[in-house]
Amino acid sequence: LLGYAVDQGKEQVRHMLRFVYGETVPGEAEAFFFELFNLKPLAPLSEEVPEAADRFVRVSLEFLGRLAAMKPLVMVLGDLNDEQVRQFFNDGPLGGQVDRYPEAFLEQLVQKSQGLPLAIEELIRYFALLGGLQYDPQAQAMVPVDADALLGLRFPEQWTDALAERAKSLDETSRYVLQMGSVFGDRFTPELVMDVAQLEPEKIQGSFQPLWEHGWIIPDLGNGLGFRHPSFQCYFYDTLQDNVRVRAHQLIARQLDGYVQQNRRVHPAMVAYHAMRGNLMDLAFQYMNLAGVQAAQLGSVSGAMDAFRTALGWLDAAEVDNPDGVRLRIYDTLGALSQRHYPDFADALLRTVAYHAMRMQDTDKLVDALYQIASTLEFRGYYQEANEPLASCLALLDREAMPLEVATLQVARLENLMRLGQLSGAEQLLETELLPLYRRHDVS
């Protein structure tokens, strides 16, 4: 809830729920969303995981069902006039206290923030840091300490400078925690940060609550945390020295690799990313290749192709046994995956595999590549051309020792002849090749 105080957060949640449920909001829904969004950012939703999961499913499905049944709102975007800007400030970041602010200050606030809500909030926090604003518990909003003194304080050149000044005011531990969190991305977990930050767990754990209260982080689902805005993550990531950033990625990659060895669920692409950023190219290649395998197993052709292509780009920098053989296996897999969706790409890859298999005198791989090339040509409707690699396969096989493989190839040739309408040729192939093969070997 973008760093609202607890009471403000509750009121924002109530607004959202009344928008969906009307004036009568179920107590269970209100309690659930209070806990999810605002009140317990560093704890699971419930001590009893099954009960929490059941409640999550029940409440969220009802909420989404009501939301889906509502009539869509039509919004027309346009510039705000002065009165609308004032109303926006009063209802939003200034918490109904706009009349307590000097007009000159509000004009500067509009100019420097360009109307961006995040920029407005950061500028408000900046002036609170300077002592020009303070929190009024009765109004539940930031208000000027002294209007004349507030006008004496200078606005920063850009609103991002206010962000930098706020960051400078952080204690060393809090700043380090945010820097380590930024290495994970815009979301992270306290557990992971504590595992890689190499500080006393008590110090790290104690920093999360103040960071939330001061608007740096927000609770994510479950026990996760996230930066309140992506620009915060980018800012703290950029403040890390290059060697520290590389070392942090190395620690994360090894920690996640350890989780995998413990059979904990970790997406291999995440391990690969951190390993790559930490210059652990062996580990990066291993996990990106695994990400491709998993995507292929799930039927995600585009996901598998992206992962395998990335892995190929990292292969030269990784120290692996028989890199040429590894490259050919990836080409082979990519070719098989892309036959239907990207046949031209698949054909080029498979011909590369066939060429290298011939140079390596690897008959099994060559036969497999030629068969895949024929399949790719068939997908494209080139049935006459498909019979050429099939004939090459047959020339490489021992017809007596491998009758099943020979029968498979001959059936493929037969089907292509029939698709082309060459019925006499199909009949001749059936009588001279397939039937004698079946009689000799009882192939079925």
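Two strands are taken to pair if DSSP finds at least two bridges between them. That criterion applies at the first stop of this tour, which runs through a predicted model.

**Whole chain**

Start with everything selected and coloured by secondary structure. The chain holds 22 helices and five strands. It has 444 residues, of which 42% count as buried. The exposed area comes to about 24,600 Å², and 51% of that is supplied by carbon and sulfur atoms. For contacts between residues at least 6 apart in sequence, 58% join residues at least 24 apart.

**Stop 1: residues 133–144**

Select residues 133–136, which are strand β1, and residues 141–144, which are strand β2. The two strands pair in the antiparallel sense, over four bridges. Show Asp136 and Ala141 as sticks: Asp136 stands opposite Ala141, a residue of β2. Together β1 and β2 make a hairpin, with four residues between them. Now pick Gln140 in the turn and check its backbone torsions; its phi is positive, about 55°.

**Stop 2: helices α17 and α18**

Next select residues 323–337 for α17 and residues 343–359 for α18. The axes of α17 and α18 come within 8 Å and cross at roughly 145°. The crossing is left-handed.

To see the contact itself, show side chains on both helices. From α17, display Leu328, Tyr331, Asp332, Leu334 and Gly335; these meet Ala346, Leu349, Leu350, Thr352, Val353 and His356 of α18. By class, the residues of this contact divide into seven nonpolar, three polar and one charged.

**Stop 3: Asp332**

Stay on α17 and centre the view on Asp332, which lies in that helix. Is Asp332 buried or exposed? Asp332 counts as buried because its relative accessibility is 13%, and the cut-off for buried is under 20%. Then select its contacts, leaving aside the neighbours within four places in sequence: they are Leu350, Val353, Lys365 and Asp368. Among these, Leu350 and Val353 also appear on the α18 side of the helix contact.

**Stop 4: Leu290**

Finally, select residues 281–297, helix α15, and pick out Leu290 within that helix. Leu290 has a relative accessible area of 34%, so it is partly exposed; that class lies between the 20% limit for buried and the 50% limit for exposed. Add Ala272 and draw a distance between the two C-alpha atoms. How far apart are Leu290 and Ala272 in space? The C-alpha to C-alpha distance is 9.2 Å, with Leu290 and Ala272 18 residues apart in sequence.

Technical notes. Residues numbered from 1 in each chain as written. Predicted model: local features only at pLDDT ≥ 70, side-chain atom pairs only at ≥ 80, totals over all residues. Heavy atoms only, no water. Buried < 20%, exposed > 50% of the residue type's maximum accessible area, 1.4 Å probe, protein only. Contact = heavy atoms within 4.5 Å. Areas by Shrake-Rupley, 256 points an atom, 1.4 Å probe, with all protein chains shown as cover. Axes fitted to C-alpha atoms, helices over the stretch in contact; angles between N-to-C directions. Left-handed = near helix turned anticlockwise from the far one by under 90°. Nonpolar A, V, L, I, M, F, W, Y, C, P; charged D, E, K, R; others polar.
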